[in-house]
Every structure is written in C-alpha cells, then in structure tokens.
Amino acid sequence: RILKTYFVRATAYSSTPDQTDDTPCLTATGYDVCGGTKNVIAANFYINGYRVPFGTLIRIPEIYGEKIFVVEDRMNARYTNNIDIWFPERSLAREFGAKSVTIEIVEES
C-alpha cells in the first residue's frame, strides 16, 4: 500500500571514509550495512514538516520495482529533498550516478 509519493533526487554511496565518516559501515541508526541484509538508504526529505523517520520503508518503482529500502541513515544537511542509496562497492555507486525519481512511502516508522 502506498502512503505517499515524493519526487526526489537519488544519488548513491558506499562504505568508504571519504563518503561517510570514520565508521563507514555504520549508519546513523547503528545498522551495519557491510554485514547486514537490508537495502539501505540515507534520506533528507520531510514528511509533515519533519525529517523522514528512521525505519521508514520506501520503494523506487521506476528503477527497482517492488524492492523495499529502509531509511537507516542521513545525508549532510545541505542536501535536501534527497535520498542516497547504499551500494557495497564504490564502482556500483558511481555507476548509479544521480537521478530524479519518484519514491513511494509504503510504511512510516
């Protein structure tokens, strides 16, 4: 069930200190993306005046169909109305690049 849709800029990142911080495998929630099984995104967009909550489930249907992503991380505050998709390898993140996409909120945390 789709709760809301948003048009955002989607970029990609991987677990390297120059793209994250000195704990590149840990998200803002403490989730270990390097050893985990979730499809993780960092998000900087707002729902009802508040930053999208951690744990919110989204889909990016035009790229990934029914695949579910979980908001487990944040981006730098200067990036608003953005999502950042985590990839296990830097080359995959670079290949993804940047796209304007419609996302679907399927569950809010």
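User: When do two strands count as paired, and over how many bridges do β5 and β6 pair in this predicted model?
Analyst: Two strands pair if DSSP finds at least two bridges between them. The model is a predicted one. Strand β5 covers residues 57–59, and one of its residues, Leu-57, has Val-70 in β6 as its bridge partner. The pairing of β5 with β6 is antiparallel, and the number of bridges is 3.

User: How many helices and strands does the protein chain have, and in what order do the elements run?
Analyst: The secondary structure of the protein chain comes to 2 helices and 8 strands. Read from the N terminus on, the order of the elements is β-β-β-β-β-α-β-β-α-β.

User: In what order do 6 strands close into a barrel?
Analyst: Strands of a sheet pair through backbone hydrogen bonds, either parallel or antiparallel. In this barrel the pairing is mixed. From one strand to the next, the twist averages 45°. The barrel order is β1-β7-β2-β6-β5-β8.

User: Which strands are joined to β7, and in which sense does each run, parallel or antiparallel?
Analyst: Strand β1 (residues 4–13) is joined to β7 by 5 bridges, and Tyr-13 has Trp-86 as its bridge partner there. Strand β2 (residues 40–44) is joined to β7 by 4 bridges, with Ile-41 standing opposite Ile-85. The strands joined to β7 are therefore β1, which runs parallel to β7, and β2, which runs antiparallel to β7.

User: How many residues of β7 are buried, and which ones point each way?
Analyst: A residue is buried when its relative accessible area is under 20%. Strand β7 spans residues 82–86 and is mostly covered, with 5 of its 5 residues buried. Asn-82, Asp-84 and Trp-86 point one way, while the residues that point the other way are Ile-83 and Ile-85.

User: Which element gives the most residues to the largest nonpolar core?
Analyst: In soluble globular proteins, nonpolar side chains tend to be buried together. The largest nonpolar core here has 21 residues, and those touching the most other members are Ile-41, Phe-45, Ile-58, Ile-60, Ile-83, Ile-85 and Ile-103. At least two residues of this core come from each of β1, β2, β6, β7, α2 and β8. The element that gives the most, with 4 residues, is β1.

User: What does Ile-58 contact, leaving aside its neighbours within four places in sequence?
Analyst: Ile-58 is one of the core residues that touch the most other members. Its contacts include Ile-41, Ile-83 and Ile-103. The others listed for Ile-58 are Lys-67, Ile-68, Phe-69, Glu-104, Ile-105 and Val-106.

User: Is Ser-14 buried or exposed?
Analyst: Ser-14 is found in the loop between β1 and β2. Not counting residues up to four places away in sequence, Ser-14 touches Gln-19, Thr-20, Trp-86, Phe-87, Glu-89, Arg-90 and Ala-93. With a relative accessible area of 1%, Ser-14 is buried.

User: What radius of gyration does the protein chain have, and what would a compact globule have?
Analyst: The C-alpha atoms fill a box of roughly 35 × 30 × 25 Å along the principal axes. For 109 residues, a compact globule would have a radius of gyration near 13 Å. The value for the protein chain agrees with this, at 13 Å.

User: What share of contacts between residues at least 6 apart in sequence join residues at least 24 apart?
Analyst: Contact means heavy atoms within 4.5 Å. Among contacts in the protein chain between residues at least 6 apart, the share joining residues at least 24 apart is 72%.

Key:
Residues numbered from 1 in each chain as written. Predicted model: local features only at pLDDT ≥ 70, side-chain atom pairs only at ≥ 80, totals over all residues. Heavy atoms only, no water. Buried < 20%, exposed > 50% of the residue type's maximum accessible area, 1.4 Å probe, protein only. Core = buried A, V, L, I, M, F, W, Y, C linked by side-chain atoms within 4.5 Å. Rg over C-alpha atoms; globule rule 2.2 N^0.38 Å. Axes fitted to C-alpha atoms, helices over the stretch in contact; angles between N-to-C directions.
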